[in-house]
Every structure is written in structure tokens, then in C-alpha cells.
Amino acid sequence: QVQLVESGGGSVQAGGSLRLSCAASGDTYSRRCMGWFRQAPGKEREGVALIYTGRDITYYADSVKGRFTISQDNAKNTLYLQMNSLKPEDTAMYYCAADLICNRRQYGVWSPRNFANWGQGTQVTVSS
């Protein structure tokens with residue numbers, strides 16, 4: 001069992017920055033891969049950034065590459081998403097996710113179906 005609690009969302013103007021946090025607890029084996037997803041109203045949940053926690057290998061969606069940074073603090077069991085140069089299209093509910101691996105062949109690397117453990121989400125709103 002894995003528990004994930006996100007925080008750090010809010011409202012910012014375009015060009016601004018936010019840092020999201022995800023406090024994790026529970027089975028570490030099921031947290032080998034962690035990631036951030038987002039879902040805007042009327043749209044499907046999409047992957048933003050992933051990290052293999054044991055090897056610190058990261059992946060980014062093309063839409064956020066160069067602007068967002070995923071990182072972890074193992075001592076605090078916390079995952080972060082630093083978001084810079086925010087755009088109105090980044091507006092969404094952001095979710096933290098965790099599971100054993102990031103990429104199951106039947107789903108593809110960015111599929112939310114790779115993850116069984118989810119937080120409750122934190123809202124990010126970017127105004128123009």
C-alpha cells in the first residue's frame with residue numbers, strides 16, 4: 001500500500017513558477033517509479049514527468065521539457081515538480097503517481113494505466 005499526498009498548487013500568472021510536492025509513504029518497492037500527471041477539464045489525464053527513484057532516471061513530456069524538473073528527496077520521502085515559465089495551457093489538476101515500473105509494454109510509457117497508486121491531486125491555474 002502506498003499513500004501519496006500532493007501540495008503546492010495555486011494560481012500564478014503566465015511566466016511564473018510553482019513547486020509541487022508529493023509526500024509518499026508505504027511500500028517502497030511499489031514506489032520504484034514515480035511521476036506527475038495532469039488532467040484539464042474535459043481532457044484525458046496525461047503524463048508530465050517520470051522518475052525511476054532508485055536510479056534517478058527522468059523522463060519528460062515534450063510539452064514541458066526545459067520548463068519542468070522532477071526531483072526527489074529520499075530523506076523526506078518527497079517527490080517534487082518544479083514548474084517554471086508556466087503557460088495557461090499548463091492549467092490542470094496535477095496528480096502524483098507511484099508504481100513498480102514506469103512503462104508496461106501493453107500501455108506505453110506515458111499511460112496512467114502504468115500506475116496503481118495516486119494522490120488526490122493539487123490544482124494549478126495559470127492566467128494569461
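**Exercise 1.** In this predicted model, classify Arg38 as buried or exposed, and identify which residues form salt bridges with Arg38.

*Solution.*
Step 1. The relative accessibility of Arg38 is 5%. Buried means under 20%, so Arg38 counts as buried.
Step 2. One salt bridge joins the side chains of Arg38 and Glu46, at 2.6 Å from N to O. Glu46 has 36% relative accessibility and therefore counts as partly exposed.
Step 3. Another salt bridge joins Arg38 to Asp90, with the closest N and O atoms 2.9 Å apart. Because Arg38 belongs to strand β4 and Asp90 to the loop between β8 and β9, this pair ties together parts that are 52 residues apart in sequence. Asp90, at 1% relative accessibility, counts as buried.
Step 4. Arg38, Glu46 and Asp90 are linked with Arg67 in a network of salt bridges. The structure holds five salt bridges, among them the pair Asp99 and Arg104 at 3.3 Å, N to O.

**Exercise 2.** Determine which residues lie nearest the centre of the largest pocket, and how its lining divides by residue class.

*Solution.*
Step 1. The volume of the largest pocket is about 170 Å³.
Step 2. Its lining comprises 13 residues, and those nearest the centre are Arg38, Lys43, Glu46, Glu89 and Asp90.
Step 3. The lining divides into eight charged, three polar and two nonpolar residues.

**Exercise 3.** State which members of the largest nonpolar core touch the most other members.

*Solution.*
Step 1. This core contains 28 residues; Met34, Trp36, Leu81, Met83 and Tyr94 touch the most other members.
Step 2. Elements giving two or more residues to this core include β4 (33-39), β8 (78-83) and β9 (92-99).
Step 3. A second, separate core has seven residues, including Phe37, Tyr52, Ala97 and Cys102.

Note on methods: Residues numbered from 1 in each chain as written. Predicted model: local features only at pLDDT ≥ 70, side-chain atom pairs only at ≥ 80, totals over all residues. Heavy atoms only, no water. 1 Å grid on protein atoms, 1.4 Å probe; cavity = no way out; pocket = protein on both sides within 12 Å on 5 of 7 lines; lining within 4 Å. Points joined across faces, edges and corners; volume = space filled by probe spheres on them. Nonpolar A, V, L, I, M, F, W, Y, C, P; charged D, E, K, R; others polar. Core = buried A, V, L, I, M, F, W, Y, C linked by side-chain atoms within 4.5 Å. Buried < 20%, exposed > 50% of the residue type's maximum accessible area, 1.4 Å probe, protein only. Helix = DSSP H or I, 4+ residues; strand = E, 2+ residues; numbered from the N terminus. Salt bridge = Lys/Arg side-chain N within 4 Å of Asp/Glu carboxyl O.
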